[in-house]
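I opened a file with several chains and wanted notes on how they are built and where they meet. My entries follow in the order in which I looked things up.

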Amino acid sequence: MTAVTLHRRYRLPADRTTVAGVAVLAVLVAVAILAPVVAPHDPLAIDFSAALSGPSADHLLGADQSGRDVLSRLIFGARAGLLGPLLVVTLSTVAGTLLGVLAAWTGGVADAVLSRAMDFVFAFPALLLAISLVAMFGPGLTAPVVAMSIAYTPYVGRLARGVALREMSRPYIHAYRVQGWSGWVICLRHLVPNVVPLILAQSAINFGYALMDLAALSFLGFGTQPPVPDWGAMINEGASALLQGAMLPALVPGAAVVVTVVAFSIVGEGIADRVSGRER
Amino acid sequence: MLQINDLTVRLAPGQAARPILDAVSLRVAQGEAVGLVGESGSGKSVTCRAVLGLLPRQTAVSGRVLVDGQDVLSQTAAGLRDLRRRRVAMIFQDPRASINPVRRIGDFVTEGLRAGGLPYRQALDRAEGLLEAVGIEDPRAALRRHPHEFSGGMLQRVMIAGALAAEPDLLLADEPTTALDVTTQAEVIAILSHLRTERGMGMLFVTHDLELAAAICDRIYVMYAGRIVEEQATGELFARPRHPYTAGLLAATPRLESHEPPHGVPGRPLSLAESPDGCAFAARCHLAVERCRERRPVLETLEHAQVACLRAGEPVHD
Amino acid sequence: MTENVLEVEGLRKAFGGKTAVDGVSFSLRAGGSLAVVGESGSGKTTTARMLVGLEIPDAGRIGVEGRDRSRVPRGRRARLARAREIQMVFQDPYLSLDPRISVSECVEESLRLHFAMDRQARQARRDELLERVGLGEREAAALPRRLSGGQRQRVAIARALATEPKVLILDEATSALDVSIQAQILDLLARIRRTLDIAYLFITHDLALVRHAADDIVVLYRGKVVEAGPTEQVLAAPQHPYTRLLLHSVPRPGWDPVQIAADRRALQEIM
């Protein structure tokens, strides 16, 4: 029996929910990348004659107050909707893993300092941070992304530290020391690669949260600026349409946020299960 | 007292090639101590838990588990509760994982008594007596303490006290001393054997350690890959093992009193993904012949023993 | 008189005011085998960790062929030299290999670190080591999670042998394995010692195992050596009450709980 057939034989049956989550995300990413191709209209094209019209053959999900096509705005909105969280998750994962593993590996005073620093950031309200950064950088994607990256780093950092400490107590790490490897090599070659999969699982879940937080900031007017389509901003703009009896302009981006967040959570859980199933 | 007939437990097809338990039959008479010995994955713990109706999820189960003539597997939830509360008690491997850490020792020991309708005061008095019986100093004070204030050995004694509280007829012990130090193990086993004999309880003692089983059991079943391969009274089993696997286990166990160094059994135990046509032990057996790999042996009576080996009747064993 | 490869003198280690190891001394003959026996809290594991440099002793001396190794090594050269003196096999086969590293890579890594040899020579040496511990090509290509506990412990032994150590510490290396597998590993270790110039230090609680695996024995109790000597002699006529208690506690047919209780009382009287 070769290693490959062994692998197949023992592999757990893929969890259907996870597969569905991955499929949803794949569609989302494809749509975001191919937005100009798949969107039926220009998301910025104003057509007052169609304002607040319900679903029709021309506007599948209706049009907003300015008569812009909701579906097209939704499709283009996926770009900012996914790019923002992607940046946040990438930055916070890298920074958090570095800080967490460093704290665990060095221990002692350095650990105490790093852990307290992370606690401090943790305790600082993320929204306040975002608003002050907007004051510094001006509105747009930069300030919210930087703010959220900073705010998310301690979450990742704490997890990374915890996982690293657990791995470090395992004899394989001791065995490498006894073999004569230097601390740095052990840390980078053996500790980090065993810590990262669990962090990535958490980061996938964080992706959903970051998307929600960024949408909230856009909703409040601190994020992506109009007329660039963004789900959070769309919900905001759609709020007044709600009063005029048109549900879709607010409901559609809201549903998109929920579906995406849930999909990321499912995928994150799926990765976590996979990783822990592989543990022993 | 306890009778298991043809108990078969299998996972969903595709998840495992062979059943976890394959037609396991065993019995424990009133007041008898019976050992169930096997290595990891042999199914000994699953068998033991089945007596309390605790079977792994998503498994197909057939066969019967009778306690005092009543079938456990067809019991209702209330019936199972009653069974666990009054007639069968179990001691687990890791006491620290099996006792609720935030509750007091007194609550743990009296739990079953109070559920059985005994008033709290009286239950406490009984618990005090039980803790004294398992050798815990100052039992009155111990009742008020929490599990983390006890060592593993002391906690296992508490667990024994809790198991005895309901005065069960049958005690199930699943590797009760594996997590303990040798000298502590000796003490805990001494207490367990003493109380068991005194109260005339039957016991099914599950262990991977043949020597330990021999020290306290009257009769021993040996399991391999989900099947019982041999059953004999302890003395005879050691003097004349009938199954090559039992003989292999005996030869593999390092012994204080013997000059003979331990010899390993070649190969490794069967995983759930493997299901040979013939005898499950054939691949590791130095006595295996062609038909061992083709035909599956069944448990047969041979003088005072039961053996599942095609060559058991031949003189090759001696 | 054969030379001692390992000499330990007055080893002491405390953790936060609690003395774990208290003046432990022993020596190990070149190519010999010694068992350090004790239960949890006896200090046997801390002793092993100091020998391999995972803990630094508060006091005492550890010498291998006369070279001291009780302080932190200075620099890469010293660190590697020490790794070629003592190696260790850990208790838990499921956690002592990096789950991401294949068996052959696990052994090769070590060879690459310690010896300057070309790829071909390294692979030949790797195959030789794996063959010595009874692992074939199929196991070599596998990740640890595809292997059984016994096979993993063989990998750990091959990895340890890769540095060509003078002393191999076996820290309860067989206690997590099934009996039939434990005996295989003991067989294997005995065979290796017959062909290589290597000494074993068994860290264990199992006297029956010691009986068959070690020439000499050191009994630890609460961080102190309470008895030491040739295994046969100590097991035949134990002098210290703790050794007697330990001996009588080993389960076997005809095992006597009354004797054990008496031993414990005797121990309490003198401690």
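Entry 1, terms. I call two residues in contact if their C-beta atoms, placed from the backbone, lie within 7 Å. I also note that this is a predicted model.

Entry 2, chain A against chain C. I looked up how many residues of chain A are in contact with chain C, and how many of chain C with chain A. The contact involves 18 residues of chain A and 26 residues of chain C. I then asked which elements of chain A give two or more residues to this side. They are α1 (3–10), α8 (171–178) and α9 (183–220) of chain A. Of these, α8(A) gives the most, with six residues. I sorted the side of chain A that touches chain C by class and got eight nonpolar, six polar and four charged residues.

Entry 3, chain A by itself. I listed the secondary structure of chain A and found eleven helices and zero strands. Read from the N terminus on, the elements of chain A are therefore written as an α repeated along the whole string, α-α-α-α-α-α-α-α-α-α-α. I took the box of the C-alpha atoms of chain A along the principal axes, and it comes to roughly 75 × 55 × 25 Å. Chain A has 280 residues, and 44% of them count as buried. I also looked at contacts in chain A with a separation of 6 or more: residues 24 or more positions apart account for 68% of them.

Entry 4, chain C against chain B. Here the contact takes 30 residues from chain C and 32 residues from chain B. On the side of chain C that touches chain B, the elements giving two or more residues are α7 (179–195), α8 (207–213), α10 (241–249) and α11 (257–270) of chain C. Which element gives the most to this side? I found that α7(C) does, with seven residues. By class, I noted 17 nonpolar, eight polar and five charged residues on the side of chain C that touches chain B.

Entry 5, a sheet in chain C. I traced an open sheet of six strands in chain C, in the order β6-β7-β8-β3-β9-β10, with mixed pairing. The edge strands are β6 (86–89) and β10 (224–230) of chain C, and each pairs on one side only. Neighbouring strands of this sheet are turned by 20 degrees against each other on average, direction ignored. I followed one edge further: β9 (residues 216–221) of chain C pairs with β10(C) in the antiparallel sense, over six bridges. Within that pair, I recorded Val225(C) in β10(C) as the bridge partner of Leu220(C). At the other edge strand I looked for a helix and noted α6 (residues 149–162) of chain C, which lies across β6 and β7 (167–171) of chain C. This helix runs at about 175 degrees to β6(C).

Entry 6, chain B by itself. I counted eleven helices and twelve strands in chain B. Is the radius of gyration of chain B in agreement with a compact globule, or in disagreement? With 318 residues, a compact globule would have a radius near 20 Å, and chain B has 21 Å, which agrees. The C-alpha trace of chain B spans about 65 × 50 × 35 Å along its principal axes. Of its 318 residues, 49% count as buried. For contacts in chain B with a separation of 6 or more, I noted that residues 24 or more positions apart account for 64%.

Conventions:
Residues numbered from 1 in each chain as written. Chains lettered and ligands numbered in written order. Predicted model: local features only at pLDDT ≥ 70, side-chain atom pairs only at ≥ 80, totals over all residues. Helix = DSSP H or I, 4+ residues; strand = E, 2+ residues; numbered from the N terminus. Nonpolar A, V, L, I, M, F, W, Y, C, P; charged D, E, K, R; others polar. Buried ≥ 20, exposed ≤ 12 C-beta atoms within 10 Å, placed from the backbone. Pairing = 2+ DSSP bridges. Axes fitted to C-alpha atoms, helices over the stretch in contact; angles between N-to-C directions. Rg over C-alpha atoms; globule rule 2.2 N^0.38 Å.
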